Amino acid sequence: MEVIGVKDFNEMSKRAAQFVYEDLVNRRIKVMGMATGGTPIGFYKQLVRLYKKGDFSFKGIQTVNLDEYVGLSPENPNSYHQYMYQHLFQHIDIQRDQTHLPNGAAEDLERECVRYEQLIEELGGIDLQLLGIGENGHIGFNEPGTSFHSNTHVVNLTTATREANARYFNDRREVPKQAITMGIDTIMKSKKILLLASGKEKAQAIYRLLYDKVDESCPATILQRHPNITIIADNEALSLVTITDRKLN
Ligand SMILES: O=P(O)(O)OC[C@H]1O[C@](O)(CO)[C@@H](O)[C@@H]1O
């Protein structure tokens, strides 16, 4: 595991975009796992900037997102479909059939989970998965207590997660109670993982990810067992981490 410490959100976003862009340009990524939330917004902005400066094409690349809210159609402004369109897809040369997210509005959610898991397999698996981290150590929408053996599944969101995400909705009562998320096993099968963290609210989760016993009560601890993971985090998120454990920027 490599931990790269940077000054702030802006540096984290730039560093992460360079990291991914290099892999894209060198054709090390065919299938890229995308994340949503506040953390990767700067990353997407920087990735678009690099894309616009260079001559890289997204032709041949497929994207798969970690999760989507249950009950929101892809057209809903709060859906992760719209998030991805707004922050990335509309700015790059990628066609609709190259981008994949779970359908939170599917009639049969169980079947949708199976379809999504199979799709990832059929694409050949994820070459690079981008991750954020929840304050309680969740990854994707895998809340504490989720089995490490889980595949794509429906989750009941905790009150804490709904509260944390309420800032994106007009009314907190609109925050869905469920989501479809890749499971922990789905995430762990990715060939490479890049996790981003910014802000003091994430310090405890990063500390637990690095030092706690691997246990389902903190989903992110499983990442200690991933063979190829890089963490890019800012000073506040790394404030509980000893200096020798970071590669300083
Ligand atoms: O980046 P944020 O907005 O702090 O969210 C952290 C995590 O929470 C989620 O948005 C889910 O609540 C994850 O997708 C994300 O990794």
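In the predicted model, Glu143 is in contact with His138, Val155, Thr158 and Thr161 once its neighbours within four places in sequence are left aside. Glu143 is found in the loop between strands E6 and E7, and it counts as buried because 20 C-beta neighbours lie inside 10 Å, where 20 or more are required. The loop between strand E6 (128-131) and strand E7 (153-156) also holds His138, for which 24 C-beta neighbours are found inside 10 Å, so that His138 is likewise classed as buried. When residues within four places in sequence are again set aside, the contacts of His138 are with Glu143, Pro144, Thr161 and Pro219; Thr161 is thus a contact of His138 and also of Glu143. Both residues appear in the UniProt record, an unreviewed entry, which places the feature "active site" at Asp67, Asn136, His138 and Glu143.

The surroundings of the ligand were examined next. The shell around the ligand comprises 14 residues, of which Gly37, Gly38, Thr39, Gly132 and Gly134 come nearest. By residue class, this shell divides into nine polar residues, four nonpolar residues and one charged residue.

For the protein as a whole, the secondary structure comes to seven helices and 11 strands, and the C-alpha trace spans about 50 × 45 × 35 Å along its principal axes. The radius of gyration is 17 Å, which agrees with the value near 18 Å that a compact globule of 249 residues would have. Of these 249 residues, 43% are buried. Among contacts between residues at least 6 apart in sequence, 82% join residues that are at least 24 apart.

The largest nonpolar core contains 64 residues, and within it Ile133, Leu194, Leu195 and Ile206 touch the most other members. Helix H1, formed by residues 9-25, gives the most to this core, with six residues. The contacts of Leu195, not counting residues up to four places away in sequence, are with Leu131, Ile133, Leu223, Ile229 and Ile231; one of these, Ile133, is itself among the core residues that touch the most other members.

According to UniProt, in an unreviewed entry, residues 22-226 are covered by the annotation "domain: Glucosamine/galactosamine-6-phosphate isomerase". Over residues 22-226 the chain is 29% helix and 15% strand, and the C-alpha atoms at the two ends are 21 Å apart. The annotated range ends at residue 226, and His226 has its place in the loop between helix H7 (203-211) and strand E10 (229-234). His226 counts as partly exposed because it has 17 C-beta neighbours inside 10 Å, a value between the limits of 12 or fewer for exposed residues and 20 or more for buried ones. Not counting residues up to four places away in sequence, His226 touches Met188 and Ile193; although Ile193 is 33 residues away from His226 in sequence, the C-alpha atoms of the two are 8.2 Å apart in space.

A further local feature concerns the backbone at Arg27. Most residues other than glycine have a negative phi, whereas Arg27, which is not a glycine, has a positive phi of about 55°. Arg27 is located in the loop between H1 and strand E2 (31-34), and it is classed as exposed because 11 other C-beta atoms lie within 10 Å.

Key:
Residues are numbered from 1 along each chain as its sequence is written. This is a predicted model: local features need pLDDT of at least 70, side-chain atom pairs count only at pLDDT 80 or more; totals for chains, interfaces and linings use all residues. A residue is near a molecule or strand if its C-beta atom, placed from the backbone, lies within 6 Å of it. Ala, Val, Leu, Ile, Met, Phe, Trp, Tyr, Cys and Pro count as nonpolar, Asp, Glu, Lys and Arg as charged, and the others, Gly among them, as polar. UniProt positions are given in the numbering used here, feature names are shortened, and annotations may be inferred rather than shown by experiment. Helices (H or I, at least four residues) and strands (E, at least two) are DSSP runs, numbered from the N terminus. Two residues are in contact if their C-beta atoms, placed from the backbone, lie within 7 Å. The radius of gyration is taken over C-alpha atoms; the globule rule is 2.2 Å times the number of residues to the power 0.38. A nonpolar core is a set of buried Ala, Val, Leu, Ile, Met, Phe, Trp, Tyr and Cys residues joined through C-beta atoms within 7 Å.
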